[in-house]
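Hi everyone, thanks for making time. Please have the viewer open while I talk, and stop me whenever you like.

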Amino acid sequence: MTQPFLPFSKPTIDEPTIAAVADVLRSGWITSGPKVQAFEKALSDYFDGRIVRTFNSGTCTMEIALRIAGIGAGDEVITTPISWVATANVIIETGATPVFADIDPVTRNIDLDKLEAAITPRTKAVIPVYLAGLPVDMDRLYAIAKKHNLRVIEDAAQALGSTWKGKRIGAFGDFVSFSFQANKNVTSSEGGCLVVNNPDEARLAEKYRLQGVTRSGFDGLEVDVLGGKFNMTDIAAAIGLGQFAHIDAITDKRRGLAKHYFDLFGADFEAQSGAQLPVADFENSNWHMFQLVLPERITRAAFMEKMMERQIGIGYHYPPIHLLKLYRDRGFREGMFPIAERVGRLIVSLPMFTAMSKEDVERAVGAVKSVLA
Ligand SMILES: *Cc1c(COP(=O)(O)O)cnc(C)c1O
(Lines give C-alpha, C1' and ligand atoms only; values in the text may rest on other atoms or scores of the structure.)
Protein backbone atom coordinates (compact mmCIF):
# COMPACT_ATOMS: atom_id res chain seq x y z
CA MET A 1 0.00 0.00 0.00
CA THR A 2 1.38 3.40 -0.92
CA GLN A 3 1.64 5.90 1.91
CA PRO A 4 0.13 9.39 1.62
CA PHE A 5 2.47 12.21 0.58
CA LEU A 6 4.24 13.83 3.54
CA PRO A 7 4.90 17.52 2.75
CA PHE A 8 7.92 19.29 4.28
CA SER A 9 5.68 21.99 5.77
CA LYS A 10 1.98 22.61 6.28
CA PRO A 11 0.05 25.17 8.35
CA THR A 12 -2.42 24.08 11.05
CA ILE A 13 -5.38 26.48 11.44
CA ASP A 14 -7.81 25.51 14.22
CA GLU A 15 -11.60 25.98 14.13
CA PRO A 16 -11.69 28.92 16.61
CA THR A 17 -9.28 30.77 14.29
CA ILE A 18 -11.47 30.05 11.27
CA ALA A 19 -14.49 31.31 13.25
CA ALA A 20 -12.57 34.46 14.25
CA VAL A 21 -11.80 35.17 10.58
CA ALA A 22 -15.49 34.70 9.73
CA ASP A 23 -16.36 37.19 12.49
CA VAL A 24 -14.01 39.75 10.96
CA LEU A 25 -15.54 39.20 7.53
CA ARG A 26 -19.02 39.80 8.96
CA SER A 27 -17.97 42.77 11.09
CA GLY A 28 -17.92 45.42 8.38
CA TRP A 29 -14.23 46.22 9.10
CA ILE A 30 -11.81 43.96 7.22
CA THR A 31 -8.66 46.08 6.89
CA SER A 32 -6.37 47.24 9.77
CA GLY A 33 -8.47 47.70 12.90
CA PRO A 34 -9.09 46.18 16.33
CA LYS A 35 -7.60 42.76 15.48
CA VAL A 36 -4.34 44.35 14.37
CA GLN A 37 -4.21 46.32 17.62
CA ALA A 38 -4.94 43.19 19.64
CA PHE A 39 -2.24 41.23 17.77
CA GLU A 40 0.31 44.00 18.37
CA LYS A 41 -0.61 44.04 22.07
CA ALA A 42 -0.29 40.24 22.39
CA LEU A 43 3.10 40.32 20.66
CA SER A 44 4.28 43.22 22.82
CA ASP A 45 3.29 41.33 25.99
CA TYR A 46 5.22 38.31 24.72
CA PHE A 47 8.32 40.46 24.11
CA ASP A 48 8.37 41.79 27.70
CA GLY A 49 6.48 44.99 26.83
CA ARG A 50 8.72 46.14 23.95
CA ILE A 51 6.78 48.05 21.27
CA VAL A 52 5.63 45.98 18.26
CA ARG A 53 4.13 47.03 14.92
CA THR A 54 2.71 44.64 12.31
CA PHE A 55 3.02 44.73 8.52
CA ASN A 56 1.87 42.71 5.53
CA SER A 57 5.15 40.76 5.11
CA GLY A 58 8.39 39.96 6.86
CA THR A 59 10.18 41.47 3.87
CA CYS A 60 8.68 44.96 4.18
CA THR A 61 9.17 44.71 7.95
CA MET A 62 12.95 44.54 7.44
CA GLU A 63 12.92 47.24 4.78
CA ILE A 64 11.04 49.56 7.13
CA ALA A 65 13.53 48.84 9.94
CA LEU A 66 16.36 49.84 7.60
CA ARG A 67 14.50 53.05 6.70
CA ILE A 68 13.84 53.91 10.36
CA ALA A 69 17.58 53.40 10.97
CA GLY A 70 18.24 55.93 8.19
CA ILE A 71 20.10 53.42 6.01
CA GLY A 72 20.40 54.38 2.34
CA ALA A 73 22.74 55.19 -0.55
CA GLY A 74 26.41 55.03 0.38
CA ASP A 75 25.86 52.75 3.38
CA GLU A 76 26.93 49.12 3.65
CA VAL A 77 24.87 46.47 5.41
CA ILE A 78 26.40 43.06 6.24
CA THR A 79 24.37 39.88 6.08
CA THR A 80 24.62 36.13 5.39
CA PRO A 81 24.55 34.54 1.93
CA ILE A 82 22.41 31.65 3.28
CA SER A 83 18.96 33.15 3.72
CA TRP A 84 15.82 33.81 1.76
CA VAL A 85 16.76 36.39 -0.90
CA ALA A 86 14.46 38.92 0.83
CA THR A 87 17.16 39.49 3.47
CA ALA A 88 19.56 40.99 0.92
CA ASN A 89 16.94 42.43 -1.46
CA VAL A 90 15.71 44.86 1.21
CA ILE A 91 19.22 46.30 1.50
CA ILE A 92 19.29 47.03 -2.25
CA GLU A 93 15.74 48.39 -2.01
CA THR A 94 16.90 51.17 0.34
CA GLY A 95 19.77 52.10 -1.98
CA ALA A 96 22.41 50.67 0.37
CA THR A 97 25.05 48.10 -0.59
CA PRO A 98 24.73 44.48 0.56
CA VAL A 99 27.94 42.94 1.90
CA PHE A 100 28.12 39.24 2.71
CA ALA A 101 30.15 37.34 5.30
CA ASP A 102 30.50 33.56 5.05
CA ILE A 103 28.66 31.19 7.38
CA ASP A 104 29.75 28.90 10.18
CA PRO A 105 29.64 25.32 8.81
CA VAL A 106 28.16 23.92 12.03
CA THR A 107 25.40 26.45 12.84
CA ARG A 108 24.96 27.52 9.16
CA ASN A 109 24.44 31.06 10.48
CA ILE A 110 26.66 34.03 9.68
CA ASP A 111 30.19 33.57 11.11
CA LEU A 112 30.59 36.46 13.54
CA ASP A 113 34.39 36.59 13.09
CA LYS A 114 33.88 37.03 9.36
CA LEU A 115 31.11 39.56 9.98
CA GLU A 116 33.49 41.65 12.11
CA ALA A 117 36.22 41.34 9.47
CA ALA A 118 33.81 42.67 6.80
CA ILE A 119 33.13 45.95 8.67
CA THR A 120 34.34 49.11 6.90
CA PRO A 121 33.91 52.81 7.72
CA ARG A 122 30.75 52.70 5.52
CA THR A 123 29.11 49.83 7.43
CA LYS A 124 25.96 51.11 9.14
CA ALA A 125 24.06 47.94 10.04
CA VAL A 126 24.09 44.16 10.16
CA ILE A 127 21.25 41.74 9.44
CA PRO A 128 21.89 38.39 11.15
CA VAL A 129 19.54 35.52 10.24
CA TYR A 130 18.65 32.72 12.67
CA LEU A 131 18.43 29.88 10.17
CA ALA A 132 15.88 27.24 11.13
CA GLY A 133 15.32 29.18 14.39
CA LEU A 134 18.83 28.77 15.84
CA PRO A 135 20.10 32.14 17.09
CA VAL A 136 23.69 33.33 16.67
CA ASP A 137 25.80 34.09 19.77
CA MET A 138 23.69 37.10 20.76
CA ASP A 139 26.19 38.41 23.34
CA ARG A 140 28.94 38.46 20.75
CA LEU A 141 26.64 39.96 18.08
CA TYR A 142 25.68 42.92 20.25
CA ALA A 143 29.26 43.38 21.51
CA ILE A 144 30.41 43.75 17.88
CA ALA A 145 27.52 46.12 17.09
CA LYS A 146 28.35 48.29 20.11
CA LYS A 147 32.08 48.36 19.39
CA HIS A 148 31.55 49.48 15.78
CA ASN A 149 28.45 51.61 16.40
CA LEU A 150 26.19 49.55 14.11
CA ARG A 151 22.43 49.14 14.06
CA VAL A 152 21.19 45.55 14.18
CA ILE A 153 18.13 44.47 12.21
CA GLU A 154 17.59 40.89 13.35
CA ASP A 155 16.02 38.78 10.61
CA ALA A 156 14.21 36.59 13.12
CA ALA A 157 11.66 35.53 10.45
CA GLN A 158 12.20 31.91 11.49
CA ALA A 159 12.83 32.46 15.20
CA LEU A 160 9.50 33.25 16.88
CA GLY A 161 9.62 31.21 20.10
CA SER A 162 13.43 30.87 20.06
CA THR A 163 15.42 32.05 23.07
CA TRP A 164 18.92 33.09 24.09
CA LYS A 165 20.01 32.34 27.67
CA GLY A 166 16.37 32.08 28.75
CA LYS A 167 15.29 35.34 27.11
CA ARG A 168 13.00 35.32 24.10
CA ILE A 169 14.37 36.46 20.76
CA GLY A 170 12.58 39.79 20.32
CA ALA A 171 12.47 40.61 24.04
CA PHE A 172 15.91 42.26 23.85
CA GLY A 173 18.21 43.77 21.25
CA ASP A 174 17.74 46.48 18.62
CA PHE A 175 15.23 45.98 15.74
CA VAL A 176 13.84 42.45 15.61
CA SER A 177 11.83 41.40 12.54
CA PHE A 178 9.54 38.37 12.33
CA SER A 179 7.55 36.85 9.46
CA PHE A 180 4.10 35.27 9.59
CA GLN A 181 4.31 33.80 6.07
CA ALA A 182 2.39 30.55 5.60
CA ASN A 183 5.30 28.17 6.36
CA LYS A 184 6.49 29.95 9.51
CA ASN A 185 5.85 28.49 13.00
CA VAL A 186 3.09 31.08 13.50
CA THR A 187 1.36 32.35 10.37
CA SER A 188 -1.15 35.09 9.54
CA SER A 189 -1.22 33.75 5.92
CA GLU A 190 1.15 36.59 5.06
CA GLY A 191 2.52 39.18 7.46
CA GLY A 192 5.32 40.32 9.69
CA CYS A 193 6.09 42.34 12.79
CA LEU A 194 8.88 44.57 14.01
CA VAL A 195 10.00 45.06 17.59
CA VAL A 196 11.27 48.65 17.97
CA ASN A 197 13.11 50.53 20.71
CA ASN A 198 10.92 53.57 21.49
CA PRO A 199 7.73 55.47 20.58
CA ASP A 200 9.53 57.62 17.99
CA GLU A 201 10.58 54.53 16.04
CA ALA A 202 7.03 53.14 16.36
CA ARG A 203 5.57 56.37 14.92
CA LEU A 204 8.01 56.21 12.00
CA ALA A 205 7.08 52.53 11.45
CA GLU A 206 3.41 53.58 11.28
CA LYS A 207 4.23 56.27 8.72
CA TYR A 208 6.33 54.00 6.52
CA ARG A 209 3.62 51.37 6.49
CA LEU A 210 0.91 53.77 5.30
CA GLN A 211 2.04 56.39 2.77
CA GLY A 212 3.84 58.50 5.39
CA VAL A 213 0.50 59.70 6.73
CA THR A 214 -0.09 61.24 10.16
CA ARG A 215 -3.71 62.04 11.06
CA SER A 216 -4.97 64.51 13.67
CA GLY A 217 -8.37 65.79 14.80
CA PHE A 218 -11.34 65.05 12.53
CA ASP A 219 -9.77 65.93 9.19
CA GLY A 220 -6.08 66.67 9.80
CA LEU A 221 -3.75 64.79 7.45
CA GLU A 222 -0.05 65.36 6.84
CA VAL A 223 2.63 63.47 4.89
CA ASP A 224 6.27 64.19 5.72
CA VAL A 225 8.08 60.98 4.71
CA LEU A 226 7.70 58.67 1.70
CA GLY A 227 5.82 55.65 2.97
CA GLY A 228 4.23 52.73 1.16
CA LYS A 229 1.27 50.40 1.60
CA PHE A 230 2.38 47.77 4.06
CA ASN A 231 -0.39 47.50 6.68
CA MET A 232 -1.69 44.16 7.96
CA THR A 233 -5.43 43.46 7.58
CA ASP A 234 -7.72 42.42 10.44
CA ILE A 235 -8.33 39.18 8.51
CA ALA A 236 -4.61 38.35 8.70
CA ALA A 237 -4.38 39.55 12.32
CA ALA A 238 -7.26 37.25 13.31
CA ILE A 239 -5.35 34.29 11.86
CA GLY A 240 -2.16 35.43 13.59
CA LEU A 241 -3.89 35.84 16.95
CA GLY A 242 -5.45 32.37 16.69
CA GLN A 243 -2.05 30.84 15.89
CA PHE A 244 -0.10 32.88 18.40
CA ALA A 245 -2.32 31.62 21.23
CA HIS A 246 -0.54 28.25 20.77
CA ILE A 247 3.04 29.51 20.49
CA ASP A 248 4.40 27.54 23.48
CA ALA A 249 2.68 24.31 22.42
CA ILE A 250 3.93 24.80 18.84
CA THR A 251 7.52 25.24 20.02
CA ASP A 252 7.30 22.25 22.39
CA LYS A 253 5.86 20.07 19.66
CA ARG A 254 8.62 20.99 17.22
CA ARG A 255 11.34 20.41 19.81
CA GLY A 256 9.86 16.97 20.45
CA LEU A 257 9.85 16.16 16.73
CA ALA A 258 13.46 17.33 16.40
CA LYS A 259 14.45 15.16 19.39
CA HIS A 260 12.77 12.20 17.70
CA TYR A 261 14.70 12.91 14.48
CA PHE A 262 17.99 12.79 16.41
CA ASP A 263 17.03 9.61 18.27
CA LEU A 264 16.11 7.84 15.04
CA PHE A 265 19.12 9.00 13.03
CA GLY A 266 21.30 7.72 15.87
CA ALA A 267 24.85 8.52 16.92
CA ASP A 268 26.57 6.91 13.92
CA PHE A 269 24.40 8.41 11.15
CA GLU A 270 26.88 11.18 10.27
CA ALA A 271 29.88 8.82 10.14
CA GLN A 272 27.98 6.23 8.11
CA SER A 273 26.24 8.51 5.60
CA GLY A 274 28.60 11.48 5.35
CA ALA A 275 25.57 13.76 5.86
CA GLN A 276 25.62 16.48 8.53
CA LEU A 277 22.86 16.86 11.12
CA PRO A 278 21.86 20.26 12.56
CA VAL A 279 23.12 21.48 15.95
CA ALA A 280 21.28 19.43 18.62
CA ASP A 281 19.96 22.50 20.46
CA PHE A 282 16.83 21.90 22.56
CA GLU A 283 17.37 25.04 24.61
CA ASN A 284 17.27 27.99 22.21
CA SER A 285 15.96 26.85 18.82
CA ASN A 286 12.26 26.78 17.98
CA TRP A 287 13.06 24.11 15.33
CA HIS A 288 11.49 26.02 12.47
CA MET A 289 13.21 23.51 10.18
CA PHE A 290 15.20 20.28 10.47
CA GLN A 291 17.98 20.55 7.91
CA LEU A 292 20.61 18.09 6.71
CA VAL A 293 23.68 18.90 4.64
CA LEU A 294 24.05 16.02 2.18
CA PRO A 295 27.33 14.28 1.42
CA GLU A 296 29.09 15.33 -1.82
CA ARG A 297 28.46 11.91 -3.40
CA ILE A 298 24.79 12.73 -4.15
CA THR A 299 23.26 15.80 -5.77
CA ARG A 300 20.41 17.53 -4.03
CA ALA A 301 18.19 17.08 -7.09
CA ALA A 302 18.80 13.30 -7.08
CA PHE A 303 18.12 13.16 -3.32
CA MET A 304 14.89 15.15 -3.69
CA GLU A 305 13.74 12.92 -6.54
CA LYS A 306 14.41 9.73 -4.55
CA MET A 307 12.63 11.15 -1.50
CA MET A 308 9.69 12.12 -3.73
CA GLU A 309 9.50 8.51 -4.97
CA ARG A 310 9.11 7.59 -1.29
CA GLN A 311 6.30 10.18 -0.91
CA ILE A 312 8.39 12.56 1.25
CA GLY A 313 8.48 16.28 0.42
CA ILE A 314 11.88 17.96 0.72
CA GLY A 315 12.57 21.69 0.76
CA TYR A 316 15.86 23.54 0.33
CA HIS A 317 16.67 26.68 2.29
CA TYR A 318 18.56 28.28 0.69
CA PRO A 319 20.58 28.67 -2.51
CA PRO A 320 23.42 31.16 -1.79
CA ILE A 321 22.11 34.66 -2.45
CA HIS A 322 25.38 36.00 -3.88
CA LEU A 323 25.23 33.52 -6.80
CA LEU A 324 21.77 34.64 -7.97
CA LYS A 325 21.93 36.68 -11.18
CA LEU A 326 20.92 39.99 -9.59
CA TYR A 327 23.87 39.62 -7.22
CA ARG A 328 26.33 38.28 -9.83
CA ASP A 329 25.50 41.40 -11.79
CA ARG A 330 26.74 43.36 -8.76
CA GLY A 331 30.09 41.56 -8.87
CA PHE A 332 29.62 38.54 -6.63
CA ARG A 333 31.23 35.31 -7.86
CA GLU A 334 31.82 31.63 -7.01
CA GLY A 335 34.59 31.13 -4.50
CA MET A 336 33.86 34.25 -2.44
CA PHE A 337 31.98 32.41 0.32
CA PRO A 338 33.00 28.75 -0.03
CA ILE A 339 31.18 27.39 3.03
CA ALA A 340 27.90 29.03 2.03
CA GLU A 341 28.38 27.70 -1.50
CA ARG A 342 28.83 24.09 -0.33
CA VAL A 343 26.01 24.26 2.23
CA GLY A 344 23.76 26.09 -0.24
CA ARG A 345 24.34 23.33 -2.79
CA LEU A 346 23.70 20.41 -0.42
CA ILE A 347 21.29 21.60 2.29
CA VAL A 348 17.82 20.04 2.48
CA SER A 349 14.87 20.60 4.82
CA LEU A 350 13.12 17.47 6.05
CA PRO A 351 9.41 17.50 6.94
CA MET A 352 8.77 19.61 10.06
CA PHE A 353 5.36 21.04 10.96
CA THR A 354 3.10 21.13 13.99
CA ALA A 355 0.61 18.49 12.84
CA MET A 356 3.33 15.91 12.17
CA SER A 357 3.29 12.65 14.10
CA LYS A 358 6.21 10.61 15.41
CA GLU A 359 5.37 8.04 12.73
CA ASP A 360 5.86 10.74 10.09
CA VAL A 361 9.36 11.37 11.49
CA GLU A 362 10.01 7.61 11.36
CA ARG A 363 8.97 7.52 7.69
CA ALA A 364 11.15 10.50 6.84
CA VAL A 365 14.23 9.09 8.61
CA GLY A 366 13.69 5.65 7.08
CA ALA A 367 13.51 7.21 3.63
CA VAL A 368 16.66 9.35 4.16
CA LYS A 369 18.61 6.32 5.37
CA SER A 370 17.53 4.18 2.43
CA VAL A 371 18.34 6.93 -0.10
CA LEU A 372 21.80 7.54 1.42
CA ALA A 373 22.58 3.83 1.98
C1 LIG B 1 10.21 34.01 5.49
C2 LIG B 1 11.51 34.74 5.54
C3 LIG B 1 11.64 36.07 5.12
C4 LIG B 1 10.56 36.83 4.40
O5 LIG B 1 9.37 36.87 5.03
P6 LIG B 1 8.03 37.17 4.18
O7 LIG B 1 6.99 37.29 5.24
O8 LIG B 1 7.84 36.00 3.26
O9 LIG B 1 8.24 38.44 3.45
C10 LIG B 1 12.85 36.71 5.29
N11 LIG B 1 13.90 36.07 5.84
C12 LIG B 1 13.82 34.79 6.23
C13 LIG B 1 15.02 34.17 6.85
C14 LIG B 1 12.64 34.08 6.08
O15 LIG B 1 12.59 32.80 6.47
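I'll go through the sheet, the helices on it, the ligand site, and then a few local details.

A word on the source: this is a predicted model, where local features need pLDDT of at least 70, side-chain atom pairs count only at pLDDT 80 or more, and totals for chains, interfaces and linings use all residues. Residues are numbered from 1 along each chain as its sequence is written, and side-chain values use heavy atoms, with hydrogens and water left out.

Let's start with the sheet. Helices (H or I, at least four residues) and strands (E, at least two) are DSSP runs, numbered from the N terminus, and two strands pair if DSSP finds at least two bridges between them. On that basis, seven strands make up an open, mixed sheet, ordered β1-β9-β8-β5-β4-β2-β3. At the edges sit β1 (51–55) and β3 (97–100), each pairing on one side only. On average, neighbouring strands here are turned by 25° against each other, ignoring direction. For angles, axes are lines fitted to C-alpha atoms, for helices over the stretch in contact, and the values run from 0 to 180 degrees between N-to-C directions.

Within the sheet, β4 (residues 123–127) and β5 (residues 151–155) pair in the parallel sense over two bridges. V126 is the residue standing opposite V152 in β5.

Now the helices, with contact meaning heavy atoms within 4.5 Å. Helix α2 (residues 34–46) lies across β1 and β9 (192–196), at about 135° to β1. Helix α4 (residues 86–93) lies across β2 (76–79), β3, β4 and β5, and runs at about 145° to β3.

On to the ligand. Which residues are the closest to it? They are G58, T59, D155, S179 and K184, out of 16 that surround the ligand, counting a residue as near if one of its heavy atoms lies within 4 Å. Side-chain N or O atoms come up three times in what I'd like to show you. One in T59 is 2.5 Å from a ligand oxygen, one in S179 is 2.7 Å from a ligand oxygen, and one in D155 is 2.8 Å from a ligand nitrogen. The protein covers 93% of the 380 Å² of accessible area that the ligand has on its own (Shrake-Rupley method, 1.4 Å probe).

Next, aromatics. There are 18 aromatic pairs in the structure; rings of Phe, Tyr and Trp (its six-membered ring) pair if their centres lie within 6.5 Å, with planes under 30 degrees apart called stacked, over 60 edge-to-face, and the rest tilted. One of them is F262 with W287, edge-to-face at 5.9 Å centre to centre and 75° between the planes. F262 belongs to helix α9 (residues 247–265) and W287 to the loop between α10 (269–273) and β12 (290–293), so this pair ties together parts 25 residues apart in sequence.

Finally, some backbone details. The peptide bond from H317 to Y318 is cis, with omega near 15°, and Y318 is in the loop between α11 (300–309) and α12 (325–328). A132, a residue other than glycine, has a positive phi near 65°.

Terms used:
A polar contact is a pair of N or O atoms within 3.5 Å; within protein, one must be able to donate a hydrogen and the other to accept it, and residues adjacent in sequence count only if both atoms are side-chain atoms.
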